[in-house]
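Okay, thanks everyone, let's get going. I'll put the structure up and then walk you through a few spots in it.

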Amino acid sequence: MSKAVTLSHIAKIVGVSTVTVSKAMSDKSGVSEDMRNKIKEVASQLGYQMVTSTKKVRPEGTGNLGILIPAGFLDRVNSFYWNMYQFVVTSASERGYYCILEIVNQEEEASLTMPKMILDGKVDGVILIGQPSQEYSSFLWRNPHVPVVFMDFYEANQEYDCVISDGFYGMYLLTDYLIKCGHQKIAFVGTPMSTSSITDRYFGYRKALMEQEISFKQEWVIQDRSLCGSHRAYESIPLPDEMPTAFACSSDYTADVLINGLREAGYRVPEDISVVGFDNCEWDKVVKVPITSYDVHKDRMAELAVGNLVSKIKKEPYASGIQIVAGGLVKKKSVSEI
């Protein structure tokens, strides 16, 4: 029974992240003593056994998984992608693998440069987190050296193995929630076609408006990043001439940037303007207003991506194609009824 118990099982019962469970079980800092004792007690009840270095069965090959992330997605300490990376490392560790992180800069992406960790034979497989250009994702997928899995994006090529959150339904839920709170004038903040995830969220927003026969205004689709070049989101969001009563943002980071801009313009959130984000990043200690969001189950996404990659490495059956991980609406303090 103990072999079936993972850190994720313990995390779900205790109500914390797998990263927190991993720290508690290995007696690392960053976890209170009470929480550490609670986690260990639950682990003991479930029959979980720590795998020590002497007991761990070393995978064939290098025993390393490569994590590849375009540089533009890692420009902030509290980035969604740093958080996703942590979950991938935890999941890989549970399967006896170490992880090697390599950042792809804009020049390497444009010139289709093969990652050094692949060329040097340091990894058995690669997980690409965050959407690069179509040319680069195709180039990486076709590499003859190691298998690849994509995370947080997909493309038209049905051969690709991808793990994504449910961006379409998530933003549909968020926009519908705004409508149920009385909002009819709702803007979308995000750049459609910049990434597949943002595009899905845009169409989820549009579906919610269409169902309630709410008129759509193109001027209320506000870009949060460029369509070409860097993947970085803007550090300021332009406000429309005609203000809506609510904004549906394609990420929590974009929502936070927007809220700062609204405050500078004299608007209060949520008293004057309501705002929702996406991803449910744990920024409550640093943002001025806790943001109503859609919780992306990053731990489950990581488990699926790592599990599929390990199966590909071992040439075992796995769920190929696109896998969508559902999340849930998280109500905080950035929305008010009108």
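I'll go through a helix pair, then a surface patch, then some backbone details. Keep in mind that this is a predicted model.

So, the helix pair. Two packed helices are described by the angle between their axes and the distance between the axes. Here the pair is helix 1, residues 7–14, and helix 3, residues 33–46. The angle is about 120 degrees, and the axes are 10 Å apart. That makes helix 1 oblique to helix 3, since roughly perpendicular covers 65 to 115 degrees and roughly antiparallel starts over 145. As for handedness, helix 1 passes helix 3 in a right-handed crossing.

Next, the surface. Which residues form a nonpolar patch there? They are F168, Y169 and F203, and together they have about 290 Å² of accessible area. Let me stay with F168 for a second. You'll find F168 in helix 8, which runs over residues 167–180. Its relative accessible area is 34%, so F168 goes down as partly exposed, with the partly exposed class sitting between 20% and 50%.

Now look across from F168 to S197. The two are 29 residues apart along the chain, and their C-alpha atoms are separated by 8.0 Å. S197 belongs to helix 9, residues 196–211. Is S197 buried or exposed? Buried, because its relative accessibility is 12% and the cut-off for buried is under 20%.

Okay, backbone details. Have a look at the peptide bond from V269 to P270: the bond is cis, with omega near 10 degrees. P270 is in the loop between helix 10, 252–264, and strand 9, 274–276.

Carry on past strand 9 and you get to the loop that leads to strand 10, 293–295, where D279 lies. What is phi for D279? Near 110 degrees, a positive value in a residue other than glycine. N280 is in the loop between strand 9 and strand 10 too, and N280 has a positive phi as well, about 55 degrees, although N280 is not a glycine either.

And how do those two sit with respect to solvent? D279 has 5% relative accessibility, so D279 counts as buried. N280 comes out at 14%, and therefore N280 counts as buried too.

That's my tour. If you want to click through one place yourselves, try the loop between strand 9 and strand 10, with D279 and N280 in it. Happy to take questions.

Notes: Residues numbered from 1 in each chain as written. Predicted model: local features only at pLDDT ≥ 70, side-chain atom pairs only at ≥ 80, totals over all residues. Heavy atoms only, no water. Patch = residues over 30% accessible without salt bridge, like charges linked within 9 Å, V, L, I, M, F, W, Y side chains within 5 Å. Areas by Shrake-Rupley, 256 points an atom, 1.4 Å probe, with all protein chains shown as cover. Salt bridge = Lys/Arg side-chain N within 4 Å of Asp/Glu carboxyl O. Helix = DSSP H or I, 4+ residues; strand = E, 2+ residues; numbered from the N terminus. Buried < 20%, exposed > 50% of the residue type's maximum accessible area, 1.4 Å probe, protein only. Axes fitted to C-alpha atoms, helices over the stretch in contact; angles between N-to-C directions. Parallel < 35°, antiparallel > 145°, perpendicular 65-115°, else oblique. Left-handed = near helix turned anticlockwise from the far one by under 90°.
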